[in-house]
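Work through the exercises below with the sequence and the model open. Try each task before you read its solution.

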Amino acid sequence: MRTPRTGSESAPAATLTTESTASERAADRARIEGLEARIEGIEAQILELQHAVGALQQEKDSVQGRLDAYTYPVLTLPNEIVSEIFLHFLPVYPHRSPLIGPRSPALLGQICRKWRAIALSTPALWRAVRLTLNKKRRREQQLRLLDTSLERSGSCRLSIELCLKSDDADSGTWELPFLQTMARHCARLEHLKLRALTLFSLSHSLSSIEGPLPLLRCFQIGAHSHADDSSTSAFLMAPLLSRVHMNSYHYSLVSILPWSQLTVLTAKWIATHEFMDVLSSAVNLVFCRFGVFDRGTDEQPREDVVLPSLETLILSKAVAPSLPLRSLGLLTLPALRGLQVEEPFLQPDPISTLVALVSRSQCNLRELCITNSHLPRDMYQTALPSVASFIFNGQLDIDDPDDMSFWNVSEDGTGDLDSETDSEGDEELEGGEESEGSEESEGSEESEGDEESSEESD
């Protein structure tokens, strides 16, 4: 008996010989007719699917054409308006942003090709920079970023902050290129903040600034410990310099600052025996804030000091305890309007000391803040009836003339020199520097996805 063949089996070669029967050949012919019919049906389906694919492709092209013809509203803004928006994205000048990172101008150049072109052609975006220098980080990339940013700022006035976070013996060597890069733009420098762990490393910064500094208005300097080798005459060639903020006063600064032209002066740390020396030199102060500490040095006989323009005086303790500040009895402050002082500074008789100061100065004191107060409050109010506002164990409500964030440093001097996160952005140098510095490759790799992100954020 013959085994029936399945439809999927191929006819064996033996069936093609003369040994096949008539019935077998008839079956094969019928099978061929069936296969041809199936082939014709499949070809018809393929043709139908090709027509469907063509219709879908045509519809896709039509939709894509509409998308390509659409212009996102944010990209229709004039370049001048976009530049202004960019400026509001950054901290208000003279506050500085990191060179790269979430709050940097470089971030604006990573959105789309158009925005990058606008960012690179807006000098004001690059005029205020903050850079933390650390020997362990990639200094070559940091230096290139600093140089590029300052070049992009064009002719704008500059606000620069450099934080030197190394006290190595060779720190003056590896920091020198950064300081020289900054020094090339001294003529445009308006606000300068230099911070270091020691004045030894800070002295290299100061000596790198040769001047003149025709536009410099504000200088902030910070160091936790001191050395005696800082010298420069650049700040004596800064006719507009009127505001100086120090983390710690040191006598080596006496010869490098134009004290008589200063109107704002702050120091978080100043010894009692240096208090009057500074005030006798800075006779045109309008605002003064000192954190005073006693170094155990006997005060030498002093002459009276008159500060005819001083309107606000704030005296706080730099370290506990606060001891009597006998030199207060030598001050005459005819323009004084606001006074904040530690009660221990006024000992042995706080009330009499204040009354004598007001009477001697013939000033119109309007606001008095007594900190670390233990005497009954009505004693002050009775003795000084002309004072409009008394504050006890609080602080004067004033607008700081500048960003004096080093006042947030702990009383023992530990911690960073600033409350800001200076390393923000700098930590991204490994991956961010190359993309920020490679303008051509970045532009060629941008896609419409960048523009869609721009539209979504808008």
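**Exercise 1. The chain as a whole**

Task: Find what share of the contacts in the chain with a separation of 6 or more comes from residues 24 or more positions apart.

Solution. Start with the term: a contact means heavy atoms within 4.5 Å. Next, keep the contacts with a separation of 6 or more; residues 24 or more positions apart account for 68% of them.

Some ground rules follow. This is a predicted model, in which local features need pLDDT of at least 70 and side-chain atom pairs count only at pLDDT 80 or more, while totals for chains, interfaces and linings use all residues. Residues are numbered from 1 along each chain as its sequence is written, and side-chain values use heavy atoms, with hydrogens and water left out.

Now add the elements. The chain has 13 helices and 14 strands. Both are DSSP runs, numbered from the N terminus: helices are H or I with at least four residues, strands are E with at least two.

Then turn to the surface. The chain exposes about 23,200 Å² of accessible surface, and carbon and sulfur atoms hold 53% of that. Such areas come from the Shrake-Rupley method with a 1.4 Å probe; for residues, only the protein chains shown count as cover. Of the 458 residues, 45% count as buried. Buried means under 20% relative accessible area, exposed over 50%, and partly exposed in between (1.4 Å probe, protein chains only).

**Exercise 2. Confidence**

Task: State the mean pLDDT of the chain, then say over which residues the pLDDT is below 50.

Solution. pLDDT is the predictor's confidence in each residue, from 0 to 100. The chain has a mean of 80, and 75% of its residues reach 70 or more. Residues 409-458 have a pLDDT below 50; this stretch still has 104 contacts in the model beyond near neighbours in sequence. Predicted coordinates should not be read in detail where pLDDT is low.

**Exercise 3. Salt bridges**

Task: Find how many salt bridges the whole structure holds, and place three of the pairs.

Solution. Apply the rule: a side-chain nitrogen of Lys or Arg lies within 4 Å of a carboxyl oxygen of Asp or Glu. The search finds five.

- Step 1. Arg-184 pairs with Asp-147, with the closest N and O atoms 3.0 Å apart. Arg-184 sits in the loop between α6 (171-183) and β4 (189-198), and Asp-147 in helix α5 (residues 139-152), so the pair ties together parts 37 residues apart in sequence. Arg-184 is exposed at 55% relative accessibility. Asp-147 is partly exposed at 27%.
- Step 2. Arg-157 pairs with Glu-190; their closest N and O atoms are 3.4 Å apart. This pair links distant parts of the chain: Arg-157 is in the loop between α5 and β3 (158-164), Glu-190 is in strand β4, and 33 residues separate them. Arg-157 is partly exposed at 35%, whereas Glu-190 is buried at 9%.
- Step 3. Arg-195 meets Glu-161 at 3.1 Å, N to O. Arg-195 lies in strand β4 and Glu-161 in strand β3, so the pair ties together parts 34 residues apart in sequence. Arg-195 is buried at 2% relative accessible area. Glu-161 is buried at 1%.
- Step 4. Extend the last pair: Arg-96, Glu-161 and Arg-195 are linked in a network of salt bridges.

**Exercise 4. Cysteines**

Task: Count the disulfides, then locate Cys-156.

Solution. A disulfide is a covalent bond between the sulfur atoms of two cysteines. Here the test is a pair of cysteine sulfur atoms within 2.5 Å. The count is zero. Check burial next: Cys-112 is buried at 3% relative accessibility, and Cys-163 at 2%.

Cys-156 is in the loop between α5 and β3. Its C-alpha atom is 6.4 Å from that of Ala-124, 32 residues apart along the chain. Not counting residues up to four places away in sequence, Cys-156 touches Pro-123, Ala-124, Arg-127 and Arg-188.

**Exercise 5. Around helix α2**

Task: Is Ser-83 buried or exposed? Which residues form a nonpolar patch with Leu-77?

Solution. Ser-83 lies in helix α2. It is buried, at 15% relative accessibility. Leaving aside neighbours within four places in sequence, Ser-83 contacts Ile-118 and Thr-122.

Leu-77 is in the loop between α1 (22-69) and α2 (79-89). At 30% relative accessibility, Leu-77 is partly exposed. Its patch partners are Ile-81 and Ile-85; together the three have about 230 Å² of accessible area. Patches take residues with over 30% relative accessible area and no salt bridge, joining like charges within 9 Å and nonpolar side chains (Val, Leu, Ile, Met, Phe, Trp, Tyr) within 5 Å.
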